[in-house]
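Please find below some notes on the model, set out as numbered points. They begin with a single residue and then turn to the chain as a whole.

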Amino acid sequence: MSVMVRALLQCIRGPKRIVTVKTFYTSSAFLRPEKRITMANLTYEETLSDSKAAFLAAVKAVKPAQLVKSAVEMKGNVLTVKGHAFHLKKPCYVVGFGKAVLEMALAVENVLGQHMQSGLVSVPVGTLLKHPIPVNSRIEVLEGASNNLPDRMAEQSAARILKVVEDLREDDTLLVLISGGGSALLPHPLPPLTLDEKLQVVKQLANAGADILDLNCVRKRLSSVKGGKLAAAAQPATVVSLILSDVIGDPVDFIASGPTAPSTDAPSAAWDVICKFNLQESLPKAAQLCLTSGSATPAEDMQNKVQNILIGNNVVAINAAVEQMVSLNYSVCVLSEKIEGNVAEVALFYAQLACGISDVMVNGSGCSLEKFGADTSQFLGAADRIRNAIQNSPGKKGVCMVAGGETTVKVTGKGLGGRNQELALRFAEEMKNLDVKFKFVNKPVISLLSAGTDGIDGPTNAAGAFGYADQLDKNINHLKYLLDNDSHSFYSKLKEGENLILTGHTGTNVMDIHILCVERKE
Ligand SMILES: Nc1ncnc2c1ncn2[C@@H]1O[C@H](COP(=O)(O)OP(=O)(O)OP(=O)(O)O)[C@@H](O)[C@H]1O
Ligand SMILES: O=C(O)[C@H](O)CO
């Protein structure tokens with residue numbers, strides 16, 4: 001939409017408010033900087049559309065093809081990955097597992113050309129439908145792990161990948177493509193543990209609210225390929241892993257449970273996790289035995305033969321979302337790329353913070369951002385960044401905060417949902433409570449979009465949802481849905497699913513993006 005048309009549209013919409021054009025459409029030859037126009041109030045439709053555009057920009061920025069292209073180079077027989085050079089004696093083998101590795105593999109094949117011997121990747125069911133591979137590709141695609149849980153198909157894929165890896169010799173190079181979802185797509189339980197028993201452990205932990213570090217600490221111990229054991233199986237070959245991170249802080253030994261990064265966990269760490277969630281008695285016996293004996297780390301020292309190289313993470317996605325919201329005329333700042341913790345607490349924090357921001361915007365910088373209870377000190381420098389954004393907000397649609405990370409949900413209900421949809425719904429509920437408590441006059445539009453960059457939130461077909469207090473409709477008892485962890489059913493029913501974020505599998509995965517918008521009331 002042109003700047004002119006947009007300005008005109010804003011003039012027609014009501015109710016109106018006056019803002020100076022100065023920081024607005026300075027590029028328009030028709031509007032003098034000092035001229036004043038009337039501007040319509042922000043609507044939920046508009047923040048939804050803006051936030052969605054920012055989320056899509058975030059996903060686009062972490063599309064694997066782009067990341068691989070800028071990280072990998074082939075010159076003569078020298079393969080360079082982010083400045084690390086490898087002299088290939090023979091064409092290399094490529095294996096991969098995770099939600100993003102098909103696109104990664106195709107991009108690698110493009111760069112390597114005849115320097116690639118073969119490729120074998122394990123990807124989620126449905127990937128090929130969305131991303132058919134060229135007929136002349138040497139990449140073989142194996143699908144499995146419906147609903148992000150290890151299954152027989154993924155187990156067979158893991159066995160095939162392990163076979164390729166075990167057959168390698170000293171002069172071979174193995175490229176391992178790793179991305180989020182890799183744990184479920186490379187299940188190879190340590191005998192005598194069976195896949196079903198392993199699945200029980202994973203489900204019990206996830207439903208108890210274990211975060212990914214806890215979960216993968218246990219997974220490493222239950223597997224014969226995770227925790228560096230895949231790299232050990234590849235010895236004496238050279239192993240180069242290209243990693244797209246979906247874990248806070250990018251710890252390579254936890255991403256997809258670190259198949260090429262030897263575990264640094266203490267011997268008792270996995271069992272300690274089980275005890276923390278009080279699951280000692282409910283675990284299958286074989287899992288108990290496995291977790292209380294042996295070690296997480298392969299004995300072999302592989303330091304000189306294995307390189308784990310990060311090629312992308314959620315910071316790249318967050319920055320793209322910020323850029324998009326700036327272009328849509330918000331005053332934007334990054335809150336944190338490390339949002340974690342219980343979904344209910346994060347929802348409350350966002351609602352309290354939004355109210356604090358609105359209060360400072362209306363009543364001046366002397367007010368406390370933390371008036372409603374939000375503790376911003378947990379994110380280094382966040383209070384200053386937010387105050388800056390507020391200061392720069394005159395003439396903008398509002399203040400927007402972009403964050404990334406992953407919350408955890410303790411699933412006790414039987415409903416259908418995911419952490420992002422639940423966060424949006426809980427945020428709406430918390431905003432409603434704060435509304436009632438503090439009785440805002442001239443209530444601003446406040447909204448939160450929360451969505452997973454992989455496009456799939458929990459076992460649902462949505463990436464996430466868009467939450468705000470006014471969406472809570474008297475005709476739908478949202479508390480009942482929350483109690484049953486049924487956020488997906490709630491949002492599907494509400495306005496025919498209008499507030500769901502639907503992308504399908506995106507082919508990438510760098511955790512979740514949160515976009516919090518607070519309208520500026522002049
Ligand atoms: N009904 C539900 N409501 C809310 N959250 C749920 C529900 N069912 C499952 N979850 C949460 O969804 C999480 C799994 O989601 P998902 O499959 O999107 O994982 P992920 O972390 O994105 O995957 P990966 O680890 O592969 O990147 C589980 O940790 C679980 O807590
Ligand atoms: O696969 C996994 O383990 C998670 O996505 C974290 O990387």
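**Notes on the predicted model**

1. Asp172 sits in the loop that runs between α6 (152–166) and β9 (173–179), and, as with everything else in these notes, its description rests on a predicted model.

2. Is Asp172 buried or exposed? Its relative accessible area is 3%, and because the cut-off for a buried residue is under 20%, Asp172 counts as buried.

3. The side chain of Asp172 is joined to that of Lys90 by a polar contact of 2.9 Å. When neighbours within four places in sequence are left aside, the residues in contact with Asp172 are Lys90, Tyr93, Ala237 and Thr238, so that Lys90 appears in the contact list as well as in the polar pair.

4. Turning to the whole protein chain, the model contains 18 helices and 17 strands. The radius of gyration is 25 Å, close to the 24 Å given by the globule rule for 522 residues, and the chain is therefore as compact as a globular protein of that length. The C-alpha trace spans about 75 × 55 × 40 Å along its principal axes.

5. Of the 522 residues in the protein chain, 57% are buried. Among contacts with a separation of 6 or more, 77% are made by residues 24 or more positions apart.

6. As for the surface and the charges, the accessible surface of the protein chain comes to about 21700 Å², with 54% of it belonging to carbon and sulfur atoms. The chain carries 53 positive and 52 negative side chains, and the centres of these two sets are 6 Å apart.

Terms used: Residues are numbered from 1 along each chain as its sequence is written. Chains are lettered from A and ligands numbered from 1 in the order in which they are written. This is a predicted model: local features need pLDDT of at least 70, side-chain atom pairs count only at pLDDT 80 or more; totals for chains, interfaces and linings use all residues. Side-chain values use heavy atoms; hydrogens and water are left out. Helices (H or I, at least four residues) and strands (E, at least two) are DSSP runs, numbered from the N terminus. The radius of gyration is taken over C-alpha atoms; the globule rule is 2.2 Å times the number of residues to the power 0.38. Buried means under 20% relative accessible area, exposed over 50%, partly exposed in between (1.4 Å probe, protein chains only). Contact means heavy atoms within 4.5 Å. Accessible areas come from the Shrake-Rupley method with a 1.4 Å probe; for residues, only the protein chains shown count as cover. Lys and Arg count as positive and Asp and Glu as negative; His and the chain ends are not counted. The place of a charge is taken as NZ of Lys, CZ of Arg, CG of Asp or CD of Glu. A polar contact is a pair of N or O atoms within 3.5 Å; within protein, one must be able to donate a hydrogen and the other to accept it, and residues adjacent in sequence count only if both atoms are side-chain atoms.
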